[in-house]
Amino acid sequence: MRLTLTFTLLFALTLGGAAAVSASPTPVPGGANQAEGVPTTFGKASFNGEVRVTPRQLRDANAADDFIAPTGQKWIVLIATTANGTNKSLDMQQFVATIVNADGESVAADPDKITPVGCACGIAPGAGWRERVAFLVPNDFKPVKIILLPYDHKHKAFRITVGPNDYTPAAS
């Protein structure tokens, strides 16, 4: 009887300890006010409930972009295909875009360097458009992530991971 009682007590303590350990929450990465996001990578389409985004290209600006960077800086350009993922016509204000390096330093895109400027308006269900976003960054900036946040904050942000072969710097 005593052995059974001891075994039962040890078993209960073991279960109670395991429950206490598994009850601790997993911390969410990022800041306290981090926007909820949909992860994606280059060449992969992702959907946030409204828009489907496929990141296509990330490169330093070239002559065709017609951007002039001040000394010590450069323009990095993101090209993505984007489509209306809803069953009705879409009027979507432009994205709020940020590019991030490995040290966590972020640079926001200039709103006038995001096309279409202002709004992708009257987009039929399933129809798409080309999104171009330019970031003015220091010359030594190496991107690891891009965040595209819908301006109205009604849908999740897109968190684009930049792999080692996804970014094409200008030839030196």
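**View A. Asp 65 and Arg 132 meet in a salt bridge.** This close-up comes from a predicted model. The N-to-O distance between the two side chains is 3.4 Å. The pair links distant parts of the chain, 67 residues apart. Asp 65 sits in the loop between S3 and S4. Arg 132 belongs to strand S10, which covers residues 128-138. Arg 132 is partly exposed, because its relative accessibility is 21% and the buried class ends under 20%.

**View B. Asp 65 also pairs with Arg 59.** Here the closest N and O atoms lie 2.6 Å apart. That contact counts as a salt bridge because the cut-off is 4 Å. Both partners fall under the 20% limit, so both count as buried. Asp 65 has a relative accessible area of 8%. For Arg 59 the value is 13%.

**View C. Arg 59, Asp 65 and Arg 132 form a network of salt bridges.** Which residue do the two pairs share? Asp 65 takes part in both, with Arg 59 in one pair and Arg 132 in the other. Burial varies across the network: Asp 65 is buried, Arg 59 is buried, and Arg 132 is partly exposed.

**View D. Asp 60 and Lys 74 join two strands.** Their side chains meet in a salt bridge, at 3.7 Å from N to O. Asp 60 lies in strand S3, residues 51-60. Lys 74 lies in strand S4, residues 73-84. The pair therefore ties together parts that are 14 residues apart in sequence. Are these two residues buried or exposed? Both Asp 60 and Lys 74 are buried. The structure holds four salt bridges, and this pair is one of them.

**View E. Cys 119 and Cys 121 form a disulfide.** The count for the structure comes to one disulfide. A disulfide is a covalent bond between the sulfur atoms of two cysteines. In this link the sulfur atoms are 1.9 Å apart. The pair qualifies because the cut-off is 2.5 Å. What is the handedness of the link? The link of Cys 119 and Cys 121 is right-handed, with 125° about the S-S bond.

**View F. Both cysteines of the disulfide are partly exposed.** Cys 119 has a relative accessibility of 25%. Cys 121 comes to 47%. Partly exposed covers the range between under 20% and over 50%, so each cysteine belongs in that class.

Notes. Residues numbered from 1 in each chain as written. Predicted model: local features only at pLDDT ≥ 70, side-chain atom pairs only at ≥ 80, totals over all residues. Heavy atoms only, no water. Buried < 20%, exposed > 50% of the residue type's maximum accessible area, 1.4 Å probe, protein only. Helix = DSSP H or I, 4+ residues; strand = E, 2+ residues; numbered from the N terminus.
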